[in-house]
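Trainee: I am new to this structure and would be grateful for a close look at a single part of it. Could you please choose a contact between two helices and then set it beside other contacts and pairings?

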Amino acid sequence: MSFNGDLFAQVALDLPLGPLDYRIAEGMELVLGDRVLVPLGSRKLVGVVTGFSRTSGVEEKKLRKITKVLADVAPLPEEWLRLTEFAARYYMRSWGQAAVAALPPFFRKAPGVRYASWLKKVREVKAPGVKRVESPELNEEQQSALAEIGAARGFAPFLLFGVTGSGKTEVYLNAMSRVLENDRQAQVLFLVPEINLTPQLERRVRERFTDQTVVTMHSELSDLERARSWLAVHEGRSRVIVGTRMAVFASFRKLRLIIVDEEHDPSYKAGDGLRHSARDLAVKRAQLNACPCVLGSATPSLESWNAAQRGAYRLLRLTHRAVQGASLPQLSVLDMRARRGEVLALEAREAVDAAIARGEQVLVFINRRGYAPTVSCPMCGWVSRCGHCSTFTVFHKAEKRLVCHHCGSSYGVPERCPCCGNPEITAVGLGTERIEEQIAAIWPDARVLRLDRDSVKGKGQTEEAFAKIHRGEADIIVGTQMIAKGHDFKRVSLVLVLNVDAQLVNPDIRAEERLFSTMLQVAGRAGRGEIPGSVFVQSRFPEHPIFSELRAQSYEQFAQRALADRRESFSPPFVHQAMLRAQAETLDRALGFLERAKQAAPRGGDGITVYDPVPMSVMRLMDEERAQLLVEAQNRGELHRFLEQWCARIAPEPGIHWFFEVDPSDL
């Protein structure tokens, strides 16, 4: 569209400001969703055109012209603009902070002299040349689930609730196949929670859709690779994208199916920037596109399970393992109260002996990397702490360093206690390195493989480590969350779960839900083939109700109890929450700001509760003190109306960084 006369464009920029007015030069070709280069002060920034008008409220002398239209890439579609506008409004950010920040770095930078040559490289999509793998025959439950998804017309949110190993992925792939075959322009978004799950899932998708260009999007891609994947989807050259939470903001031409695997996983919630839930935005995006959205999990989030129970989501069940002869593992809880100092109980060691003798594999799960959680002085009680955060440093024996797992700071291990000079400081607690060391000592002839973020750092190392497991080149695998979900280990017959007690006494309302999910997921790695599986969980709280629910392999029992507790304590999903967080040089300044902000809050209705400011659980992070203030409401709409009014009343203060987090995952 060519413009003449006085016309203005509203341009969203990656700044805490609403779209700004810019004059459109006479004869300039411009449409909604165009990326443009605009002046702001002395800078030139890339923004997105979100609207047009014939008048502007900006003073004439302050109005500036759009510098350039970046028309070498098609405009962003209206559906994408509506999604980012909704995300910005819901998560209390500016439209530009949602829209521009969601673009790959290549497309949000001012074009340089080599822009044209780089854009040519971005448009190249490599062909993988994989051999096609046909779909296995589906069982009755899988066929029933697939039929319901296929029969959906318009927006239809599904919760695919299937036990571990029940073949949820095959339902996904067959649903994708039907959509792609029925409409030659249709596109599919497949979200996964973990980067390390992406390569194996990408391979399965490529093997099933050899006639399609399948692309991925996750944080380990280079800027060029990410831009290449994004543009292939944006231009319709790729019809399938597999990605982590960032992929929910990919630009589609004709999105017709969204799948969210392991929908309960907390990594779908962003911890910085927009602080959005990719799972929740996936459901909203399906609504905007009038298409089905399938959320899948063996342990659904209580929010999703509650939505299915009240009929907001359609519940699909897979109650049996898909492999013929495969059954759910037997779970035993080992009482560790009288076994002080024992890392592995006698029953666990005997089970490992038997599994190795049969030529089977063993998984040892402990959700703590490093050698030990910290080092301490037994004489005076000194404990190693980070100099920048209010947390302990973790002892990494291989590197002989103390590392903060929050900010990444690294320190040497002192030869003597810094407080009393005692030379006998000791490692306290267990981490993957220490477990690996002790297992190697107990079973010196076994091939032990450790899998955590310290052991597999480089690109491709994770995939190679899992390939070794699948090839049978490891007898005992020690790992963290990386081994807990999504992996189909045919030869694993035994799983040992260590160090669960810390989560059982954690005051966070979601701690027990996360623990149950993790334990059921990691237990599900056993017995996936024809080999029967067994699981041992070590705990000093064997009478806790969570263990009877785990022994019964019953998520529904757990969810019924947990939701009853949540309802009684007036916690999510029976209340809607937002957190006002503040960071400053001192805790007093952060708390003082929040107290002043509370005083400025509008008078809420009976359904709004504003709590007092408190320090965050990790009070100091990267040399900044942190505090928070919780807001609760019975109605989601009422909460957002309150937050919008309140945000306009909060006066900024020098040296204070503050923001709202809606639907906080950590309290």
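Mentor: What follows begins with one pair of helices and then turns to other parts of the chain. Please keep in mind that the model is predicted.

The part to examine closely is the meeting of helix H1, residues 78-90, with helix H2, residues 95-102. Their axes come within 7 Å and cross at roughly 130°. Because of that angle, H1 is oblique to H2. The crossing of H1 and H2 is right-handed. On the H1 side, the residues that take part are Trp80, Leu81, Thr84, Glu85 and Ala88. On the H2 side, they are Trp95, Ala98, Ala99 and Ala102. By class, the contact of H1 with H2 is made of seven nonpolar residues, one polar residue and one charged residue.

A second pair of helices may be set beside this one. Helix H3, residues 115-122, packs with helix H7, residues 223-234, at an angle of about 65°, and their axes are 9 Å apart. H3 and H7 are therefore roughly perpendicular to each other. H3 contributes Trp118, Leu119, Lys121 and Val122 to the contact, while H7 contributes Leu224, Ala227, Arg228 and Leu231. The contact of H3 with H7 has six nonpolar and two charged residues, with no polar residue.

Helix H11, residues 432-442, offers a view of packing between a helix and strands. Its buried residues are Thr432, Glu433, Arg434, Ile435 and Ile439. These buried residues of H11 pack against several strands, including S14 (361-365), S16 (394-396) and S19 (426-428). Strands S20 (448-451) and S21 (476-479) are also among the partners of the buried residues of H11.

In helix H5, Glu170 deserves a separate look. At 11% relative accessibility, Glu170 counts as buried, because the limit for that class is under 20%. Leaving aside neighbours within four places in sequence, Glu170 is in contact with Ser135, Pro136, Leu138, Gln142, Arg204 and Arg208. The C-alpha atoms of Glu170 and Gln143 are separated by 10.0 Å, and these two residues lie 27 residues apart along the chain.

Charged side chains also pair with one another, and a search of the whole structure finds 40 salt bridges. One of them joins the side chains of Arg132 and Glu134, at 2.9 Å from N to O. Arg132 is partly exposed, with a relative accessible area of 40%, whereas Glu134 is exposed, at 54%.

Another salt bridge joins the side chains of Lys254 and Asp183, at 2.7 Å from N to O. This pair links distant parts of the chain, 71 residues apart. Lys254 is in the loop between strands S9 (240-243) and S10 (255-260), and Asp183 is in the loop between helix H5 (168-182) and strand S7 (187-191). Lys254 counts as partly exposed, at 24% relative accessibility.

The side chains of Arg514 and Asp666 also meet in a salt bridge, at 3.1 Å from N to O. Here too distant parts of the chain are linked, with Arg514 in helix H14 (residues 511-523) and Asp666 in the segment after strand S28 (657-662), 152 residues apart. Arg514 counts as partly exposed at 25% relative accessibility, and Asp666 counts as partly exposed at 41%. Finally, Glu512, Glu549, Arg561 and Asp565 are linked in a network of salt bridges.

Key: Residues numbered from 1 in each chain as written. Predicted model: local features only at pLDDT ≥ 70, side-chain atom pairs only at ≥ 80, totals over all residues. Heavy atoms only, no water. Axes fitted to C-alpha atoms, helices over the stretch in contact; angles between N-to-C directions. Helix = DSSP H or I, 4+ residues; strand = E, 2+ residues; numbered from the N terminus. Parallel < 35°, antiparallel > 145°, perpendicular 65-115°, else oblique. Left-handed = near helix turned anticlockwise from the far one by under 90°. Contact = heavy atoms within 4.5 Å. Nonpolar A, V, L, I, M, F, W, Y, C, P; charged D, E, K, R; others polar. Salt bridge = Lys/Arg side-chain N within 4 Å of Asp/Glu carboxyl O. Buried < 20%, exposed > 50% of the residue type's maximum accessible area, 1.4 Å probe, protein only.
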